[in-house]
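Trainee: I should like to study this model step by step. May we begin with the ligand and then turn to the helices?

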Amino acid sequence: MSYPTQPTASHFINGAYVEDTGGTPIEVMYPATGAVIASVHAATPAIVEQAITSARAAQGAWSALSGTDRGRILRRAADMMRERNHDLSVLETYDTGKPYQETSVADATSGADALEYFGGLAATLTGEHIQLGEDWAYTRREALGLCVGIGAWNYPTQITCWKGAPALACGNAMIFKPSETTPLCALKVAEILHEAGLPAGLYNVIQGMGEVGGALVCDPRVDKVSLTGSVPTGRKVYAAAAAEIKHVTMELGGKSPLLIFDDADLDNAVSGAILGNFYSSGQVCSNGTRVFVQKGIKEAFLARLTERLGQAVIGDPLDPATSFGPMVSQRQMEIVHSYIAKGVEEGARLVTGGARVEREGFFLQPTVFADVSDDMTIAREEIFGPVMAVLDFDTEEEALARANATEFGLSAGVFTCDLARAHRVVAGFEAGTCFINSYNDAPVEVPFGGSKLSGVGRENAKAAIEHYSQLKSVYVRMGNMEAPY
Ligand code: NDP
């Protein structure tokens, strides 16, 4: 049976689509209906081998090009992604269930931003000259070699571009393994890069579950691994990469705090809490799911939040009017539902939502709990769904200490009209990505990443260059060399 979303083949290797039906079949579902919309095969060992061999063969000549030449191809790909934004967004909506209202502005467009930004940066990558009296030294900024990217299912197009663009700009080859839940969009990015002129072998996409990712990570011919995923997977991948001292970037989970002070602009704070909890049905790593609200503003906040959530348009994600879609899968919906049950069981007050939406597909209502205490499961564990926990606080000092009392450190935000306090609080946050009177902005110009269990390394911005290249130092003696004997 063939579906409109069925890709030409499962994998994209050495500049072309490749199939190997010997691999385990993976069915792709449209989360809004549960209908199977495509089917691919997991990579067999032969496919993994083909991808690694072709990537290694192509990388040397690519890194020998000038940065300007490499960058031109990435910038061309960025333009093509923008031209095809509608089709790419529709496909992303089928793959993830996220509303077209979101995918049309936050997925292919964000991927295009990364290709454009790193395409522009490629020509600026240099080493430095260091004068040492008569002698001198210089550094060469060199590619790492073969980079592997492994992605989560919430932002498939964005994740593949956020990893691929800096890798290619620095002269590396990349093999990307999407999540088995969302295998479709990375193939389109590969197609576009090659149409834009990328030589064959430099950007390969292979499908599969964790074991395919594991095979890539363990291969000695792979020099770097960049993972976007959960902390448990991060631990495994980091440990496997450590065996060969590979470079790593880990973009992992979070349970980020959002502090709302009495003096905050109420509607701005509610907007921040909505965006930081319900965008992409809450399936965003950096979400501010622990919303600490100062006692003086708490009831007004909850009332306004409930009223605004009533305006969410829940429905067919392909309808541009829809602003809230389903969870990515039945499994994820069940996980989130079980957290909601735990919230009720542990005594949190259910303010709104809490149930499945009466329609086909994997929909859950936007859910808000109030009177949540720090020790409740819903305040400690990453839920990765549309569940907000509202906690009360009295003082700045108390709120900051409680905000930091977590093993995660991805993001944190503060809403207040007192600017001195805003900067003081942000300086105190133990988190990699912070927001003042805003939440979840992720422009490519700004480094993105976490501290503590939320990860190592940074994506985006000039900071990403450090994670996709290495320095070689060269000492040059101008006079005679002396030795003690
Ligand atoms: P998972 O950790 O389950 O999976 C992430 C990827 O790793 C998938 O492609 C998965 O394959 C693969 N994988 C699983 N096991 C291994 C292994 N042993 N070796 C190599 N690869 C493996 O995460 P989800 O896909 O469920 O995504 C949700 C998580 O991602 C959340 O915790 C979220 O916070 C985090 N995330 C972090 C972001 C960030 O930038 N910090 C952004 C987005 C999400 P498969 O699933 O196909 O088996």
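Mentor: Please keep in mind that this is a predicted model. In it, an oxygen atom of the ligand lies 2.7 Å from a polar backbone atom of G151.

Trainee: How much of the ligand does the protein bury?

Mentor: Consider the ligand taken alone, where it exposes 900 Å². Of that area, the share that the protein buries is 86%.

Trainee: Which residue has a side-chain N or O atom 3.0 Å from an oxygen atom of the ligand?

Mentor: A polar contact requires a pair of N or O atoms within 3.5 Å. At 3.0 Å, an oxygen atom of the ligand meets this limit with an N or O atom in the side chain of K177.

Trainee: To which residue does the backbone atom 3.4 Å from a nitrogen atom of the ligand belong?

Mentor: Here the ligand contributes a nitrogen atom, and the partner is a polar atom of the backbone. The distance is 3.4 Å, and the residue is G214.

Trainee: How many residues surround the ligand?

Mentor: The closest are E180, S230, T233, L252 and E382. The full number of surrounding residues is 29.

Trainee: Why is helix 3 described as roughly antiparallel to helix 7?

Mentor: Helix 3 (residues 85–96) and helix 7 (residues 185–195) pack with their axes 9 Å apart. Angles over 145 degrees count as roughly antiparallel. Helix 3 is therefore roughly antiparallel to helix 7, the packing angle being about 155 degrees.

Methods:
Residues numbered from 1 in each chain as written. Predicted model: local features only at pLDDT ≥ 70, side-chain atom pairs only at ≥ 80, totals over all residues. Heavy atoms only, no water. Axes fitted to C-alpha atoms, helices over the stretch in contact; angles between N-to-C directions. Helix = DSSP H or I, 4+ residues; strand = E, 2+ residues; numbered from the N terminus. Parallel < 35°, antiparallel > 145°, perpendicular 65-115°, else oblique. Near = heavy atom within 4 Å. Polar contact = N/O pair within 3.5 Å; in protein donor to acceptor, adjacent residues only side chain to side chain. Areas by Shrake-Rupley, 256 points an atom, 1.4 Å probe, with all protein chains shown as cover.
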